[in-house]
Amino acid sequence: MTVFADLDIHPLLLKSLDQMGFEEPTPIQKDVLPIAKTGKDVIGQAQTGTGKTAAFGIPLIEKMEQETRLPQGIVLAPTRELAIQVAEELNKIGRYSSVRALPIYGGQEIGRQIRALKNRPQIIVATPGRLQDHMRRGTIKLSDINTVVLDEADEMLSMGFVEEIEEILESVPDNRQTLLFSATMPPRLQSILNKYMNDPAQVKVKAKEMTVANIDQRYVEVHERQKFDTLCRLIDIHSPELAIVFGRTKRRVDELADALFQRGYEVEGIHGDLPQNKRDKVIQKFKSKRIEILVATDVAARGLDVSGVSHVFNFDLPQDPESYVHRIGRTGRAGKHGVAFSFVTPREKEHINVIEKTTKKKMTFEKAPTLKDASEGRQQQAAEQLTEVIENEEFASLTEKAEELLGSYDAVTLVSAALKLASKEPGKEVSINLTSEPPVRIKHGKGPKGGGGYKGKGGYRGGGKPRSNDRRGRPGSSDNRRSRPEGKKKDFAFAAKRRKG
DNA sequence: AAAAAAT
């Protein structure tokens, strides 16, 4: 077995790695580290959750000189959250070597970033657009850059960052080292590599390690209108440590987060229309476990690394199988076991096959839990709560009352009543509206062309029933909801049968 | 058709 100490890493970095709980290097780290140290360009084909950040972070930090005025390293990331997270991890790794990384991303007050830049971080972790902004303002100078890291390169490309990336790569010194990480290698990416990388070494993490070995993938067949209750029941049964629920649209995420909140769960929603400071706060809250459920669009599908995510729920199937792989990769991290549930409406059923083909792993069918299953789950939890109180809390002041009660009832009755109290279904009466989403589109089997996605021909549009026009008011709890053409979507009472006046 | 990202 290899340990980090075998890899010729600076003692101050070893110390922080040890504190972070890193013992054994992951395959990508083992392969990338020695090559990157020589200064050679590296292409790493690996997904998130494989320890990528440390794989480039360790050599990057070792290379930084502390006494320089200008930034020496740049990491480009596709999303703002990822930029923040990578910077955080680099700062942890570099904790004792006084190397600092600063995240630079859109949506944050630029004056603040300019002030932070005055502290001379050696490493900038940026989303491409905002970095360009700083370049134009002259607030970030690239003349001393000796290393560029492109993280999730395929993703940056598919998000349309090609020009930005090219401009940035044109603006940094030619003799820099370039490290590129990507889950896939589309041809467009290949042409960038040829142009901007210098005789790169290729490192591939083998397919087995790349996929999702320790994620238990299950699917549940549910009708659209049963999804919400099914979700609540599954949450009650499994009581996740942390869970991410993926919805298909921003609006859907808002509504779903509202609905779960009404049911008494500690939950927040996140999507790209929220102001950036709100997004940052939500992620912080989730990481620190002040909320148990994060409802998200695909903004959180990639790269997000929160330890303790035990469950991922695909409330709506993702648009393509690649996105599925990213989404479920939010769980089962750092060698832990994770469970991913995907809700499939009857019309979407054949997507399961496409997903299985992509992941090369069978999903298990699971029957939608019944009310009874859910209440048994809650009972189980209530029992656990009770045990925890007994073991960890003071309740000497309650014994008098307890003995009084024991005078009137037997122990079994009393404990049963306590369990009942603790396992009450929360907030059943609230009225919840959730807009119906059309099913993910199904590729009709018109020819064997299907290279990847299940997007393509044959939309739902022709087959859908005519929708009624009666829209009812929803509680306007979010200011981020965009109006839609009247009558295009239909509301219906989702969770509760009763509707309040 | 959705989402992400610079304002």
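## Around glycine 338

In this predicted model, glycine 338 touches Asn214, Ile215, Asp216, Ser310, Thr331 and Gly332, once its neighbours within four places in sequence are set aside. As for secondary structure, glycine 338 belongs to strand β13, which covers residues 338–344.

Is glycine 338 buried or exposed? Its relative accessible area comes out at 0%, and the cut-off for buried is under 20%, so glycine 338 counts as buried. There's also glycine 308, 30 residues away along the chain, with a C-alpha to C-alpha separation of 9.2 Å from glycine 338.

## Where DNA strand B sits

DNA strand B has 23 residues around it, and the closest are Thr127, Arg130, Thr249, Lys250 and Gly272. Of the strand B atoms that come within 4 Å of the protein, 75% are sugar and phosphate.

Which element gives the largest share of the surface near DNA strand B? That's helix α6 (residues 128–137), with five residues. Sorted by class, the surface near the strand has 10 polar, eight charged and five nonpolar residues.

## Glycines at the phosphates

Some backbone contacts to strand B come from glycines. For glycine 106, a backbone N or O atom is 3.1 Å from a phosphate oxygen of DNA strand B, and for glycine 107 the corresponding distance is 3.0 Å. Glycine 129 joins in with a polar backbone atom 3.1 Å from a phosphate oxygen of the strand.

## The annotated N-terminal stretch

An unreviewed UniProt entry lists residues 2–30 as "domain: DEAD-box RNA helicase Q". In the model, residues 2–30 are 45% helix and 0% strand, with the end C-alpha atoms 8 Å apart.

How values were computed
Residues are numbered from 1 along each chain as its sequence is written. Chains are lettered from A and ligands numbered from 1 in the order in which they are written. This is a predicted model: local features need pLDDT of at least 70, side-chain atom pairs count only at pLDDT 80 or more; totals for chains, interfaces and linings use all residues. Side-chain values use heavy atoms; hydrogens and water are left out. A residue is near a molecule or strand if one of its heavy atoms lies within 4 Å of it. A polar contact is a pair of N or O atoms within 3.5 Å; within protein, one must be able to donate a hydrogen and the other to accept it, and residues adjacent in sequence count only if both atoms are side-chain atoms. Helices (H or I, at least four residues) and strands (E, at least two) are DSSP runs, numbered from the N terminus. Ala, Val, Leu, Ile, Met, Phe, Trp, Tyr, Cys and Pro count as nonpolar, Asp, Glu, Lys and Arg as charged, and the others, Gly among them, as polar. UniProt positions are given in the numbering used here, feature names are shortened, and annotations may be inferred rather than shown by experiment. Buried means under 20% relative accessible area, exposed over 50%, partly exposed in between (1.4 Å probe, protein chains only). Contact means heavy atoms within 4.5 Å.
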